[in-house]
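Colleague: I would like to see how the labels on a model follow from the numbers. Can we go through some of them together?

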Amino acid sequence: MERRNILFVGAGAIGGLYAARLGKVADVTILDTNQEHVEAIRRRGLTVTGRTEMVTPLAAFATAAEMGGRRFDAVVFLVKSQATAAAFESIRPTLEGRPVLVTFQNGMGNEELLMRASDLDVAHGVSFEAARHDGPGRVHHLVHGEESWLGPARGTLEAIAWLGELMARSGLPTKVVADPRGAIWGKFIFNSVMNPIGAIVQGVNAARYEVPEMRALIDDMATECLRVAEALGIRPPFDPLYLVKKFRAGEMPLSKHAGSMAQDLEAGRETELESMTGYVVRKAKELGVPVPVTESVYRMAKGLEYASRVKRSDTEER
C-alpha cells in the first residue's frame, strides 16, 4: 500500500489520538491553533497515555500559512463544529490536488458545510474513542471503544476504503460502509443526551448514573431523540445508550469523564451545544416531533453556558 499523506485539522483530544495512531502508518501533519500544543509536538512528538501509550513524531503547524502548499490524500476535521467553516477557509489556499475531506466531528451539519464549501469528495464517520487533551503535546486515551464507522457523503466507497484500512492498521478498527448515517446518529444521540447532562451535573459523572432522576431524564431524552431520527428515516444500528447501560449494569468501570461539554465549560471554551442538542430541538420543530424533555435540558444548558461566561468574566476582572 502506497504511503499516504493525511492532514489533521484539530489535534486536541480525539484529533490528537487519531493523529498519533495514524502517524505510525502514514505521513501525518497536524494543524492546530494552540501554539503551545504545536511547539510541544515539534519538540518531543505527540505523547498519548492511558489506553494507548505512545510517542509519535509529527509535523505540526499553528497556521495554514506556515504549512505552505502541500498535497494530502485526506484532510480530517476534528475541530469543534462551530469552527469548521473557518478552519476549511484557512486551509483552502494551501491545498494542492483533490484530497478527500473527512469529518469525525461530534456535531451535525459538518459534512453539509464541507460539501457546500467545495466540490471535493467528502466522507463522514463516527468514532467511539474517548480522550482528553492533557496539556501541551499530551493526550490521555480514556476509552477504547467499538469500531469506528466511515462512509462517503459525496464520492465513492472505493475512494475512501484506503483510509479505513489505514485506521484499522493503526489499531483503530473501522467499518467502511456506503451509508454511515445510522451509526453517526447513534453516537450523536448519545452525545446530545449525555453531554448537556454531564455539564448540568458539573462534570460529576457518577451523578449521571447514581441519581434515579438523572437516569430517568437520560432515558426520556434518548427516546425523544430516537423519534427525531426515525422521522428522518434513520434507524441507528445499535442502541445509542448501550454504553450507558453497560455502566449501569456494572459491566464496565465508571470513569470520571462526564463528557466534553463539562470540560469545555470548566475551561471557559465555547461548547458544541448548538450542533448537538440544539440541532435535535431545531430538527424536531421542523418535523413536528414533540421533544419537551430534550428542549428543557437544552434551555438549562444554555443558561449554564451564560452563567459560566459571566463567572469567568467576573474572575478575570478581579
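Colleague: What makes strand β2 count as mostly covered?

Modeller: First, a caution: this is a predicted model. Now to β2, which spans residues 27-31. Four of its five residues are buried. A residue is called buried when its relative accessible area is under 20%.

Colleague: How do you know that β1 and β2 pair?

Modeller: Two strands pair if at least two bridges are found between them. β1 and β2 have five bridges, in the parallel sense. As for single residues, phenylalanine 8 stands opposite isoleucine 30 in β2.

Colleague: Which sheet are these strands in, and in what order do its strands run?

Modeller: The order is β5-β2-β1-β7-β9-β10-β13-β14. That is an open sheet of eight strands, with mixed pairing.

Colleague: Why are β5 and β14 called edge strands?

Modeller: Each of them pairs on one side only. β5 covers residues 59-61, and β14 covers 174-176. On average, neighbouring strands of the sheet are turned by 25 degrees against each other, ignoring direction.

Colleague: What makes β13 and β14 a pair?

Modeller: Three bridges join them, in the parallel sense. The cut-off is at least two bridges, so they count as a pair. Leucine 150, for one, has valine 176 in β14 as its bridge partner.

Colleague: Which helix packs on the sheet, and which strands does it touch?

Modeller: Helix α6, residues 161-169. It touches β1, β7, β9, β13 and β14. Its direction makes about 165 degrees with that of β14.

Colleague: Is leucine 120 buried or exposed?

Modeller: Its relative accessible area is 8%. Buried means under 20%, so leucine 120 is buried. This residue lies in the loop between α5 and β10. Leaving out residues up to four places away in sequence, leucine 120 touches Arg98, Pro99, Leu101 and Arg154.

Colleague: And phenylalanine 247, buried or exposed?

Modeller: The value is 19%. The limit is under 20%, so phenylalanine 247 is buried as well. Its place is in helix α10, residues 242-248. It touches Tyr209, Met252, Pro253 and Leu254, not counting residues up to four places away in sequence.

Colleague: Which residues touch the most other members of the largest nonpolar core?

Modeller: Trp185, Phe188, Val193 and Val228, out of 44 residues in that core. Several helices each supply at least two residues, among them α7, α9 and α13. The largest share comes from α7, with nine residues.

Colleague: What is valine 228 in contact with?

Modeller: Its partners include Trp185, Val280, Ala284 and Leu287, with neighbours within four places in sequence left aside. There is also a second, separate core of 37 residues. Ile6, Ile14, Tyr18 and Ala26 are included in that one.

Colleague: How many aromatic pairs does a search of the whole structure find?

Modeller: Eight.

Colleague: Why is the pair of phenylalanine 128 and phenylalanine 238 called edge-to-face?

Modeller: Start with distance. The ring centres are 5.5 Å apart, and the limit for a pair is within 6.5 Å. Next, the angle. The planes stand at 80 degrees, and over 60 counts as edge-to-face, so the label follows.

Colleague: What does this pair tie together?

Modeller: Parts that are 110 residues apart in sequence. Phenylalanine 128 lies in the loop between β10 and β11, and phenylalanine 238 in the loop between α9 and α10. Phenylalanine 128 has 8% relative accessibility, so it counts as buried.

Colleague: How do you know that phenylalanine 188 and tyrosine 279 are edge-to-face?

Modeller: Their centres are 5.8 Å apart, with 90 degrees between the planes. Both values pass the cut-offs of within 6.5 Å and over 60 degrees. Phenylalanine 188 is in helix α7 and tyrosine 279 in helix α12, so the pair ties together parts 91 residues apart in sequence. Both residues are buried.

Colleague: Which residues do ring pairs link into a cluster?

Modeller: Phe128, Phe238 and Tyr242.

Colleague: What makes lysine 187 count as sitting over the ring of phenylalanine 128?

Modeller: Its charged end is 5.5 Å from the ring centre. The distance limit is within 6 Å, and the charge must also be within 35 degrees of the ring normal. Arginine 4 gives another case: it lies over the face of tryptophan 162, at 4.3 Å from the ring centre.

Key: Residues numbered from 1 in each chain as written. Predicted model: local features only at pLDDT ≥ 70, side-chain atom pairs only at ≥ 80, totals over all residues. Heavy atoms only, no water. Buried < 20%, exposed > 50% of the residue type's maximum accessible area, 1.4 Å probe, protein only. Contact = heavy atoms within 4.5 Å. Core = buried A, V, L, I, M, F, W, Y, C linked by side-chain atoms within 4.5 Å. Phe/Tyr/Trp six-rings, centres within 6.5 Å; stacked < 30°, edge-to-face > 60°. Axes fitted to C-alpha atoms, helices over the stretch in contact; angles between N-to-C directions.
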